[in-house]
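Colleague: Could you take me through one part of this model in some detail? I would like to start at the beginning of the chain and then see how the rest connects.

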Amino acid sequence: FFNEGIEIFVECEKKLHPAIECMKTNGQNTRSLRGLHFMMPETPIIDAKGYTKFWVPNGYTCTKEGKMIRGAMWAIGLYRREKDLITVTLTGSHYHYVCVHEYIHACGYNHICDKDKAQEEKNFSCAKR
């Protein structure tokens with residue numbers, strides 16, 4: 001996990017600033033990175049495919065098909081608004097950069113895939129790999 005921790009934070013360093021510029025170009029709200037904290041999960045596991053994930057007792061996300069999923073689940077990233085804390089993992093095959101996706105949540109964008117899949121796509125377009 002130590003090497004992954006270094007690699008994910010290097011990825012965040014490389015991808016966050018271009019994503020912020022992308023969001024500004026798209027007319028989206030951004031926020032300062034100051035005061036926003038990034039960390040690796042406290043109790044990560046590596047699954048059979050070799051991906052790091054962690055258990056979230058009450059989360060939500062969207063499937064690629066646009067279905068909202070809520071409840072207990074395995075996650076690869078999480079933004080905790082009450083702590084201004086972003087938990088990230090390095091998941092190379094995921095369709096978004098995890099740190100950018102969670103930063104977009106920190107800017108106030110929540111998943112709305114079950115209501116407006118096109119807007120959902122626009123909201124998270126700057127996180128695409």
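In which helix is the place of Phe 2?

Modeller: Happy to! Phe 2 sits in helix H1, which covers residues 2–25. Helices here are DSSP runs of H or I with at least four residues, strands are E runs of at least two, and both are numbered from the N terminus. Bear in mind that this is a predicted model, in which local features need pLDDT of at least 70 and side-chain atom pairs pLDDT 80 or more, while totals for chains, interfaces and linings use all residues. Residues are numbered from 1 along each chain as its sequence is written, and side-chain values use heavy atoms, without hydrogens or water.

Now the surroundings of Phe 2. Phe 2 counts as exposed because its relative accessibility is 65% (buried is under 20%, exposed over 50%, partly exposed in between; 1.4 Å probe, protein chains only). Together with Ile 6 and Val 10, Phe 2 makes up a nonpolar patch on the surface, and the accessible area of these three residues together is about 310 Å². Such a patch takes nonpolar side chains within 5 Å of one another, each with over 30% relative accessible area and no salt bridge; the areas are Shrake-Rupley values with a 1.4 Å probe.

Helix H1 also holds Cys 22. Cys 22 has a relative accessible area of 26%, so it is partly exposed. If you want a distance for orientation, Cys 22 and Val 88 are separated by 21 Å between their C-alpha atoms, and their positions lie 66 residues apart along the chain.

From helix H1 we can follow the chain into the loop between H1 and strand S1 (37–39), where Arg 31 is found. The side chain of Arg 31 forms a salt bridge with that of Asp 84, at 2.7 Å from N to O (the rule asks for a Lys or Arg side-chain nitrogen within 4 Å of an Asp or Glu carboxyl oxygen). This pair connects distant parts of the chain, 53 residues apart. Arg 31 is partly exposed because its relative accessibility is 23%. At the other end, Asp 84 belongs to the loop between S5 and S6, and strand S6 itself runs over 85–88. The backbone of Asp 84 deserves a look too: its phi is positive, about 50°, although Asp 84 is not a glycine.

The salt-bridge count comes to five, and two others are good to compare. One of them joins Lys 53 and Asp 47, with 3.8 Å from N to O. Lys 53 is buried, because its relative accessible area is 19%. Another joins Glu 121 and Lys 128, where the N to O distance is 2.5 Å. Here Glu 121 counts as partly exposed at 41% relative accessibility, and Lys 128 is partly exposed as well, with a relative accessible area of 45%.

One aromatic residue is left for your tour. Trp 74 is part of strand S4, and since its relative accessibility is 43%, Trp 74 counts as partly exposed. For a second distance across the model, take Trp 74 and Gly 35: they are 39 residues apart in sequence, and their C-alpha atoms are 26 Å apart in space.

Notes:
Patch = residues over 30% accessible without salt bridge, like charges linked within 9 Å, V, L, I, M, F, W, Y side chains within 5 Å.
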